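Please work through the following exercises with the structure in view. Each task is followed by a worked solution.

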Amino acid sequence: MTQKEKSTIVLFSGELDKAIAAFIIANGAAAYDHEVTIFFTFWGLNALRKDEPVAVKKGFLERMFGKMMPRGANKLGLSKMNFAGMGPQMIKHVIKKHNALSLPQLIVLAQEQGVKLVACTMTMDLLGLQKEELLDGIEYAGVAAYLGDASEGKVNLFI
């Protein structure tokens, strides 16, 4: 039996267009039977946040980070042409018009295809994010785990 090709993506950006690109690539690689890992760190973790607030005990700084960061895939801004929030609405309209999958749908598809979604635990600690605030069905690990996956990968992307 041949071993599957491996692909890894570091999603560092918390911007809608970059997150969509990461998930399109991940889903495409999974469809080609690659073993895919997306490692979410810093602002990329916002794509994994639940849309609704979760009651967890936090310090002042962690609460402030939580209030300033977008809550979930539906709230991410664009890297260019954000236009005070109008840009993401325009992109979402175009996506719907062309019957393309939205970011939340791409995330679900990735999970269904077995894409490994890994939240960086060090960044979670730094930003005060807790497991209860993130989507179900994801994994938690540090950079060593990502490097283990990446060292075996033929494709390693940083978005």
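**Exercise 1: A salt bridge**

Lysine 4 and aspartate 33 form a salt bridge through their side chains, at 3.2 Å from N to O; a salt bridge here is a side-chain nitrogen of Lys or Arg within 4 Å of a carboxyl oxygen of Asp or Glu. The model is predicted: local features need pLDDT of at least 70, side-chain atom pairs count only at pLDDT 80 or more, and totals for chains, interfaces and linings use all residues. Residues are numbered from 1 along each chain as its sequence is written, and side-chain values use heavy atoms, with hydrogens and water left out.

Task: state which parts of the chain lysine 4 and aspartate 33 tie together.

Solution. Lysine 4 belongs to the segment before β1 and aspartate 33 to the loop between α1 and β2, so the pair links parts 29 residues apart in sequence. Helices (H or I, at least four residues) and strands (E, at least two) are DSSP runs, numbered from the N terminus. In the whole structure, a search finds eight salt bridges.

**Exercise 2: The sheet**

Task: give the strand order and identify the edge strands.

Solution. Step 1: the order of the five strands in the open sheet is β4-β3-β2-β1-β5, with parallel pairing; two strands pair if DSSP finds at least two bridges between them. Step 2: β4 (139–141) and β5 (155–158) each have a single partner strand, so they stand at the edges with one side lacking a neighbour in the sheet. Step 3: β2 (residues 35–40) and β3 (residues 116–120) run parallel and are joined by four bridges. Isoleucine 38 has leucine 117 of β3 as its bridge partner.

**Exercise 3: Two helices**

Task: describe how α1 and α4 cross and which residues make the contact.

Solution. Step 1: the axes of α1 (residues 16–31) and α4 (residues 103–112) come within 10 Å and cross at roughly 30°; axes are lines fitted to C-alpha atoms, for helices over the stretch in contact, and angles run from 0 to 180 degrees between N-to-C directions. Step 2: contact (heavy atoms within 4.5 Å) involves Leu16, Ala19, Ile20, Phe23, Ile24 and Asn27 of α1 with Leu103, Leu106, Ile107, Leu109 and Ala110 of α4.
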